[in-house]
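Welcome! Let's get to know this structure together through a few short questions and answers.

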Amino acid sequence: MTAVHDGDGTTRWGVLATGGIAATFTGDVQAMAGAEVVAVASRSEHSAKAFADRFGIPRAYGDWAGLVADPDVDIVYVATPHSAHRAAAGLALEAGKPVLCEKAFTLNAREAGELVALAGERGLFLMEAMWMYCSPVVRRMTELIADGAIGEVRTVQADFGLQGPFAPEHRLRDPALGGGALLDLGVYPVSFAQLILGEPDRVQADALLSPEGVDLNTGMLLGWDSGATALLSCSVTARTASTATVTGTAGRIELPSGFFHPDAFVLHREGRDPERHAVESPLTGMQHEAAEVSRCLRAGERESPLVPLAGSLAVMRTLDAVRERVGVRYPVDNTP
């Protein structure tokens with residue numbers, strides 16, 4: 001397993017892609033102690049160099065192969081559109097590099113399983129970049145739920161929607177790029193529900209589809225044999241509140257807009273004043289997941305207990321089930 005460089009203990013990142021989320025992650029990592037972005041790659045040399053100049057990154061590669069072969073890169077952060085996650089993360093793993101791969105993890109559960117198997121064969125660290133799971137506020141919430149603060153969980157509600165409209169040529173409308181609301185936005189409500197309740201036993205869904213055949217507005221009803229349910233939605237046609245609520249037999253927890261990176265949540269219990277819970281941390285944004293990756297690499301762990309691979313696979317199975325219910329298929333789904 002590739003380890004963090006000896007000496008100063010700094011985790012040296014290679015960023016694969018140059019889009020908006022790559023820029024956010026790079027800015028957050030560069031503001032951390034003990035972390036450094038040493039290389040960036042794009043399929044366009046011009047784009048890679050422009051990104052490197054913007055962030056003061058020492059090396060820019062006009063192809064992915066150069067980045068994954070760089071001996072100074074400890075771990076590769078894959079920030080491509082999710083249609084390229086399987087190829088990009090697979091290339092890095094084949095080259096012996098640990099990987100942090102953006103969500104949705106892949107286009108379908110089959111691709112996700114291939115990456116997990118490859119990481120296991122190579123003895124390498126692999127993690128989905130579900131930064132919500134690394135949030136100290138979300139972690140505090142799950143601790144309270146596990147301790148019985150709201151009793152037995154009965155319902156989860158969560159939504160994430162953007163106003164749009166998006167032009168037909170936009171990646172969110174392209175089936176070949178994994179377009180639609182579900183993989184871009186719906187992955188958050190689904191991951192939130194499964195963080196609390198695990199993989200559902202039943203999946204129901206309905207959606208408004210675009211002329212291209214991707215989902216524009218999707219509602220999901222997940223059910224568990226325990227009797228718990230989750231009512232979730234995502235949209236690229238309407239800006240929703242993007243809030244979340246977990247209700248149990250003895251109370252409920254409400255997370256504000258932007259529930260996937262909350263500053264605090266409110267605990268409501270019968271006969272008590274509402275309790276606001278916040279967790280002070282020197283880290284912010286995507287620094288929490290970057291710090292967790294560094295911790296895992298130093299400890300020689302092949303996966304994070306905060307974002308376990310089994311959980312990422314379970315979420316992909318649910319997303320596959322939702323797409324099956326609403327009739328969304330990507331070209332890659334036809335690959336055996």
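Q: In what order do the six strands of the open sheet lie?
A: Keep in mind that this is a predicted model. The pairing in this open sheet is parallel. Strands β3 (59-61) and β6 (126-128) are the edge strands, each pairing on one side only. Reading across the six strands, the order is β3-β2-β1-β4-β5-β6.

Q: How many bridges join strand β1 and strand β2?
A: Strand β1 covers residues 11-16 and strand β2 covers residues 35-41. L16 stands opposite A41 in β2. The two strands pair in the parallel sense, and the number of bridges is six.

Q: Which strands does helix α1 touch where it packs on the sheet?
A: Helix α1 is made up of residues 20-30, and its direction makes about 150 degrees with that of β2. The strands it touches are β1, β2, β4 (75-78) and β5 (99-101).

Q: Is G258 buried or exposed?
A: G258 is found in the loop between β12 (251-255) and β13 (264-268). Its relative accessible area is 10%. A residue counts as buried when that value is under 20%, so G258 is buried.

Q: Which residues is G258 in contact with, leaving aside its neighbours within four places in sequence?
A: Contact here means heavy atoms within 4.5 Å. With those sequence neighbours set aside, the residues in contact with G258 are A241 and S242.

Q: How far apart in space are G258 and D159, C-alpha to C-alpha?
A: In sequence, G258 and D159 are 99 residues apart. In space, their C-alpha to C-alpha distance is 9.6 Å.

Notes:
Residues numbered from 1 in each chain as written. Predicted model: local features only at pLDDT ≥ 70, side-chain atom pairs only at ≥ 80, totals over all residues. Heavy atoms only, no water. Pairing = 2+ DSSP bridges. Helix = DSSP H or I, 4+ residues; strand = E, 2+ residues; numbered from the N terminus. Axes fitted to C-alpha atoms, helices over the stretch in contact; angles between N-to-C directions. Buried < 20%, exposed > 50% of the residue type's maximum accessible area, 1.4 Å probe, protein only.
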